[in-house]
Amino acid sequence: ITSINMKRGKRKPLKEGKATLENLIGITSEGLSGISVHPISGDMAFIAGSTIVKYSPMTNKQEFLFSKSTKSIRCLKHSSKGTYLAGGEGVCKSPQIHLWRLEDADQYPFLSLKAHKFGILILAFSPNEERLVSLGDSNDQGLFLWNVADGTKLAHKKLSSTMSSLSYSDSGEFFLTAGGNMLRFWTIR
């Protein structure tokens, strides 16, 4: 890496070593699903392109999670006990859902899920953290239920209208989707 002295126009090599990202300023989220707060620590996660920034307000420090793709992440969700963080890619073909196990120090996901054809809008974990629901955007209109442990697709449904909200019940027995003047109640068997 070299820097340029703007006054003299001379290049000055920086000390040998590795360049690292220390802080990131900016956010690329669209709406509320681009920010997620850890339910126990209060640390927050937000999106910056294909990178997720974990910020601790207590220490004023940032850490970074990277997807294995260069596609922008659109939505984030912490699991109810804070074990996992999921990030869904936005408006693109064949988007992925990336899952990080937060107790691991790994900056890369332990699992990436593929099934949506276009963008992913919202993610929701079951209260016991065993399942994840993903809702596609208006171009995709897919609804998928996943096993978090191994990434198995448990169920899927092509929706006839665009949904804009998703919420899991506290009991974990059902979840709701809403949008297009419609509220849908989904049971899990």
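Four strands of this predicted model make up an open sheet, in the order 3-4-5-6, with antiparallel pairing. Strand 3 (35-37) and strand 6 (61-66) are the edges of the sheet; each has a single partner strand, so one side of each has no neighbour in the sheet. On average, neighbouring strands of the sheet are turned by 25° against each other, direction ignored. The chain as a whole has 17 strands and zero helices.

**Pairing within the sheet**

- Strands of a sheet pair through backbone hydrogen bonds, and the pairing is either parallel or antiparallel.
- Strand 3 pairs with strand 4 over three bridges, in the antiparallel sense.
- V37 has M44, in strand 4, as its bridge partner.
- Strand 4 (residues 44-48) and strand 5 (residues 51-56) also run antiparallel, and five bridges join them.
- F46 is matched with V53 of strand 5 as its bridge partner.
- How much of strand 4 is buried? Four of its five residues are, so the rest of the structure largely encloses this strand.

**Hairpins**

- The hairpin of strand 3 and strand 4 has six residues between the strands, and G42 in this hairpin takes a positive phi near 80°.
- The hairpin of strand 4 and strand 5 has two residues between the strands; here G49 takes a positive phi near 70°.

**Salt bridges**

- The count of salt bridges comes to three.
- One of them joins the side chains of E63 and K54, with 3.5 Å from N to O.
- Both partners of this pair are partly exposed: E63 has a relative accessible area of 48%, and K54 has a relative accessibility of 23%.
- Another salt bridge is formed by R74 and D137, whose closest N and O atoms are 3.1 Å apart.
- Which parts of the chain does the pair of R74 and D137 link? The two residues are 63 residues apart and link distant parts of the chain: R74 belongs to strand 7 (residues 73-78), while D137 lies in the loop between strand 12 (131-136) and strand 13 (142-147).
- Are R74 and D137 buried or exposed? R74 is buried because its relative accessible area is 13%, under the 20% cut-off.
- D137 also counts as buried, because its relative accessibility of 5% is under that cut-off.
- The side chains of D104 and R101 meet in a salt bridge too, at 3.3 Å from N to O.
- D104 counts as partly exposed at 34% relative accessibility, and R101 is partly exposed with a relative accessible area of 25%.

**The chain overall**

- The chain has 189 residues, of which 43% count as buried.
- About 11,200 Å² of the chain is exposed, and carbon and sulfur atoms supply 52% of this area.
- Among contacts between residues at least 6 apart in sequence, 38% join residues that are at least 24 apart.

Terms used
Residues numbered from 1 in each chain as written. Heavy atoms only, no water. Salt bridge = Lys/Arg side-chain N within 4 Å of Asp/Glu carboxyl O. Buried < 20%, exposed > 50% of the residue type's maximum accessible area, 1.4 Å probe, protein only. Pairing = 2+ DSSP bridges. Axes fitted to C-alpha atoms, helices over the stretch in contact; angles between N-to-C directions. Contact = heavy atoms within 4.5 Å. Areas by Shrake-Rupley, 256 points an atom, 1.4 Å probe, with all protein chains shown as cover.
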